[in-house]
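Here are a few exercises to help you find your way around a new structure. Try each task yourself before reading the solution.

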Amino acid sequence: MDVFEAIKGRRSIRNYKDKPVEDEKIGMILEACRWAPSAGNRQPWEVVVVNDPDEIESLAKASYEQTWISMAPVVFAICINEKIALANYGKRGEMYALETIGCATQNMMLAAYSLGLGSCCVTAFEEDRVREILGCPEFIRPAAILPVGYPDENPPPPYRDEIGKFTYLNKYGKEAEPTWSGLVKYGGRIKKKILKTLEKI
Ligand SMILES: Cc1cc2nc3c(=O)[nH]c(=O)nc-3n(C[C@H](O)[C@H](O)[C@H](O)COP(=O)(O)O)c2cc1C
């Protein structure tokens, strides 16, 4: 699957079919985590793969009653090993750790999508409760919960700002939109041609 297709086509999925996810696909999602970039290449992620329905239900309850989570046949609890992530990095280490986990989570979501699966990053949860459910020691911080399953919905893409809304040229506040409009102004064949050219770079 083309990387732009994956980035653009992935949606947060909150309805799953009653169908298990194959071990091979779970392995590929973990492989995608493994190859994520990490600050200092410390790879501070640790992932609890949860397939016990009762435990998944407990995670859903600990996520402020986001009951849809219990529909997922498998949930990846993506944690930060703070002993690895924070050593010698001081205060900024906390930011590095969250950035790293964000990269790993996005890799996993894109891999899931490319395998025909749906996922949704969840961070609204009671951290202490989730830590207890997973049996994590105190230096393991649950950072994201990723329910994964076969999608039972096909939501439309939610609104995204245009590039010009969040991009500046050289200095903050200086507009850059006329130069870099991305693909928004192109459609159909031209867009396909641009994507093909980008693939060759
Ligand atoms: C860090 C982060 C935390 C999120 N937490 C939740 C959550 O707790 N519950 C939920 O339903 N969706 C959650 N989402 C999903 C967002 O709502 C979703 O990504 C956003 O609405 C855009 O939709 P899309 O992913 O389909 O493009 C989270 C996404 C991110 C990146």
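**Exercise 1. In what order do the elements of the protein run from the N terminus on?**

Keep in mind that you're looking at a predicted model. Start with the inventory: the secondary structure comes to eight helices and four strands. Now walk along the chain from the N terminus, and the elements read α-α-β-α-β-α-α-β-α-β-α-α. To get a feel for the dimensions, put a box around the C-alpha atoms along the principal axes: it is roughly 50 × 45 × 30 Å.

**Exercise 2. Work out which strands stand at the edges of the sheet.**

First, get the order. The four strands make an open sheet, arranged 1-2-4-3, with antiparallel pairing. Next, look at the ends of that order: strand 1 (45–50) and strand 3 (118–119) each have a single partner strand, so one side of each has no neighbour in the sheet. Then zoom in on one pair. Strand 1 and strand 2 (residues 74–81) are joined by six bridges in the antiparallel sense, and Val50 has Val75 in strand 2 as its bridge partner.

**Exercise 3. Which strands do helix 3 and helix 5 touch or lie across?**

Take helix 3 (residues 53–62) to begin with. It packs on the sheet and touches strand 1, strand 2 and strand 4 (140–149). Its direction makes about 120 degrees with that of strand 1. Now turn to helix 5 (residues 92–114), which lies across strand 1, strand 2, strand 3 and strand 4. Against strand 4, helix 5 runs at about 15 degrees.

**Exercise 4. Are helix 3 and helix 6 roughly parallel or antiparallel to each other?**

Two packed helices are described by the angle between their axes and the distance between the axes. Here, the axes of helix 3 and helix 6 (residues 127–134) come within 9 Å and cross at roughly 170 degrees. Angles over 145 degrees count as roughly antiparallel, and the two helices are therefore roughly antiparallel. Who makes the contact? Helix 3 brings Glu55, Ser58, Leu59 and Ala62, while helix 6 brings Arg129, Val130 and Ile133. Sorted by class, that's four nonpolar, one polar and two charged residues.

**Exercise 5. Which residues surround the ligand?**

List the shell: Arg11, Ser12, Arg14, Gln66, Cys120, Cys121, Val122, Thr123, Ala124 and Pro158. Then sort these residues by class, and you get five nonpolar, three polar and two charged.

Terms used: Residues numbered from 1 in each chain as written. Predicted model: local features only at pLDDT ≥ 70, side-chain atom pairs only at ≥ 80, totals over all residues. Near = placed C-beta within 6 Å. Nonpolar A, V, L, I, M, F, W, Y, C, P; charged D, E, K, R; others polar. Pairing = 2+ DSSP bridges. Contact = placed C-beta atoms within 7 Å. Axes fitted to C-alpha atoms, helices over the stretch in contact; angles between N-to-C directions. Parallel < 35°, antiparallel > 145°, perpendicular 65-115°, else oblique.
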